[in-house]
Amino acid sequence: MNNEREVEAVVTGAGQAGLSSAYHLRRTGFEPDRDFVVLDHSPAPGGAWQFRWPSLTYGKVHGMHSLPGMELTDADPARPSAEVIGAYFDSYERMFDLRVRRPVDVRAVREGAAGRLLVETSDGTWATRALINASGTWDRPFWPRYPGQETFRGRQLHTARYAGPEEFAGQRVVVVGGGASGTQLLLEIAPYAAATTWVTRRPPVFREGPFDEGAGRAAVALVEERVHQGLPPRSVVSVTGLPLNDAIRQGLRDGVLDRQPMFDRITPDGVEWLGSPGLGGGRHVEADVILWATGFRAALDHLAPLRLREPGGGIRVEGTRVVADPRIHLVGYGPSASTIGANRAGRAAVRDIRRLLAAEPVAA
Ligand SMILES: Cc1cc2nc3c(=O)[nH]c(=O)nc-3n(C[C@H](O)[C@H](O)[C@H](O)COP(=O)(O)OP(=O)(O)OC[C@H]3O[C@@H](n4cnc5c(N)ncnc54)[C@H](O)[C@@H]3O)c2cc1C
């Protein structure tokens with residue numbers, strides 16, 4: 001028996017990128033359920049925002065752009081972003097009748113018959129002519145490996161599991177990572193912890209002044225160039241630098257943001273720098289917790305059967321279109337991994353897919 005349901009397009013993920021794509025599909029005449037489906041494995045609306053720590057209030061996120069067609073207005077800056085954005089996405093899905101199917105896990109995408117892609121999920125298979133992949137990064141926290149890591153007797157956690165600073169009361173905490181999350185969590189934890197140590201691979205670059213449109217465009221262009229070459233996208237901070245806001249200035253003055261180079265190994269009771277003392281080596285810091293604020297990678301394992309990866313380790317993308325397979329678009333990936341980028345990418349992907357579908361009627 002053939003249980004495949006046929007659609008023109010499948011959208012994987014209902015975060016900012018997936019919802020923007022669904023909105024543009026709808027606007028250009030695609031009917032949900034009949035022509036396209038949006039599949040998301042999270043329990044509720046909100047994309048990855050629903051999992052972010054409660055202390056990440058709406059007032060603390062910088063540059064959250066509304067989805068196309070419906071502004072997010074009058075949000076209380078003191079409320080957790082998880083709540084604010086969850087409620088906003090929920091209203092948005094209803095307003096535009098996007099009919100997101102959840103929880104539906106996309107497990108694998110394979111080549112099907114007659115030029116279609118088979119999207120295998122926890123709720124059966126869809127045979128589609130186009131795939132908009134908007135699966136974000138939250139499901140793939142990145143943990144670097146260091147010698148001795150498995151011997152550590154304390155607790156190790158990634159920012160993806162951070163639930164607030166209170167649980168670190170009286171503990172000695174090593175925070176790894178020089179991104180926005182690393183600095184923000186360090187500043188939150190420091191007043192509670194017995195001691196904090198901040199380590200980063202490269203010295204952090206603090207950026208004075210506002211992050212204006214020109215700077216944004218330049219940062220996006222740098223990431224775009226990498227994915228165009230088939231290299232894995234770099235972190236946003238590596239191209240934008242850290243904004244020097246009041247909290248960061250205070251942290252620098254107080255000595256909380258006293259950056260140390262990356263340690264060389266982890267011991268059962270802390271972290272250690274090797275080498276001669278004159279060069280900052282031969283030191284050991286005791287720790288109860290190592291918090292890895294080391295970012296995320298694109299969650300694309302379900303695309304593995306299609307073998308899209310280039311020798312450079314990334315997927316080569318032109319605009320949002322996968323160069324090796326024009327039926328597939330990656331939105332919210334690389335240069336479009338921001339709320340504004342995801343909005344634009346959704347529109348661009350839909351425009352491109354409409355052209356593709358109009359040009360290539362499917363064989364009967
Ligand atoms: C802590 C933090 C703060 C940030 N702050 C800002 C900010 O202030 N401004 C800004 O512009 N950007 C910010 N960003 C980046 C921003 O969150 C993202 O660029 C954007 O929201 C991501 O949207 P997305 O749709 O690509 O991904 P997500 O929001 O991650 O959505 C992806 C969706 O795909 C689903 N999914 C994944 N895999 C599968 C699968 N196999 N099957 C089914 N469903 C799947 C997930 O359940 C999820 O709902 C921040 C990121 C972080 C981590």
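The following exercises, each with a worked solution, concern a predicted model.

**Exercise 1. The span of helix α1**

Determine what distance the twelve residues of helix α1 should span, and compare it with the separation of the end C-alpha atoms.

Solution. Helix α1 covers residues 16-27. The expected span is 1.5 Å times one less than the number of residues. For the twelve residues of α1, this gives 16 Å. The end C-alpha atoms of α1 are 16 Å apart, which agrees with the expectation. After the helix comes Gly29, which has a positive phi, near 100°.

**Exercise 2. The surroundings of helices α1 and α6**

State how many residues are buried in α1 and how many in α6, and identify what covers the former.

Solution. A residue is buried if 20 or more other C-beta atoms lie within 10 Å of its own. By this criterion, ten of the twelve residues of α1 are buried, and the helix is mostly covered. Among the buried residues are Gln16, Leu19, Tyr23 and Leu25. The elements covering them include the strands β1 (5-12), β2 (36-39) and β5 (124-133), together with the helices α2 (81-95) and α7 (339-359). Helix α6 (residues 246-254), by contrast, is hardly covered: the count of buried residues among its nine is zero. Gly255 follows α6 and has a positive phi, near 85°.

**Exercise 3. The exposure of Arg321**

Decide whether Arg321 is buried, exposed or partly exposed, and list its contacts beyond its neighbours in sequence.

Solution. Arg321 belongs to strand β17 (residues 321-322). Within 10 Å there are 19 C-beta neighbours, and therefore Arg321 counts as partly exposed. Burial would require 20 or more. When neighbours within four places in sequence are set aside, Arg321 is in contact with Pro326, His329 and Asp352. A further distance concerns Val331, ten residues apart from Arg321 along the chain: the two C-alpha atoms are separated by 8.7 Å.

**Exercise 4. The five-stranded sheet**

Give the strand order of the open sheet of five strands, explain why β6 and β11 are its edges, and describe how helix α3 packs on it.

Solution. The order is β6-β15-β7-β8-β11, and the pairing is parallel. β6 (155-158) and β11 (259-261) each have a single partner strand, so one side of each is left without a neighbour in the sheet. From one strand to the next, the twist averages 25°. The partner of β6 is β15 (residues 289-292), to which it is joined in parallel by four bridges. One bridge pairs His158 with Trp292 in β15. Helix α3 (residues 180-189) packs on this sheet and touches β7 (172-176), β8 (195-200) and β15. The direction of α3 makes about 165° with that of β7.

**Exercise 5. The three-stranded sheet**

Trace the pairing through the open sheet of three strands.

Solution. The strands follow the order β12-β13-β14 with antiparallel pairing. At the edges are β12 (265-267) and β14 (283-286), each of which pairs on one side only. β12 and β13 form a hairpin with two residues between them, and three bridges join β12 to β13 (residues 270-273). Here Arg265 has Glu272 as its bridge partner, while Ile266 stands opposite Val271. On the other pairing, four bridges join β13 to β14, with Gly270 bridged to Glu286.

**Exercise 6. The faces and partners of strand β4**

Separate the residues of β4 into a covered and an uncovered face, and identify its bridges to β3 and β5.

Solution. In a regular strand the side chains alternate between the two faces of the sheet. In β4 (residues 117-121), Leu117, Val119 and Thr121 make up the covered face, and Leu118 and Glu120 the uncovered one. Strand β3 (residues 106-111) pairs with β4 in the antiparallel sense over five bridges, and Val106 is the partner of Thr121. The hairpin of β3 and β4 has five residues between the strands, and Ala114 in it takes a positive phi near 50°. Five bridges also join β4 to β5, again antiparallel, and this hairpin has two residues between its strands. Thr121 stands opposite Gly124 in β5.

**Exercise 7. The shell around the ligand**

Classify the residues around the ligand and name those that come nearest.

Solution. The shell divides into 13 nonpolar, 17 polar and four charged residues. Of the 34 residues, Gly13, Gly15, Gly47, Gly136 and Gly332 come nearest to the ligand. Helices α1 and α7 each supply at least two residues of the shell.

Technical notes
Residues are numbered from 1 along each chain as its sequence is written. This is a predicted model: local features need pLDDT of at least 70, side-chain atom pairs count only at pLDDT 80 or more; totals for chains, interfaces and linings use all residues. Two residues are in contact if their C-beta atoms, placed from the backbone, lie within 7 Å. Two strands pair if DSSP finds at least two bridges between them. Axes are lines fitted to C-alpha atoms, for helices over the stretch in contact, and angles run from 0 to 180 degrees between N-to-C directions. A residue is near a molecule or strand if its C-beta atom, placed from the backbone, lies within 6 Å of it. Ala, Val, Leu, Ile, Met, Phe, Trp, Tyr, Cys and Pro count as nonpolar, Asp, Glu, Lys and Arg as charged, and the others, Gly among them, as polar.
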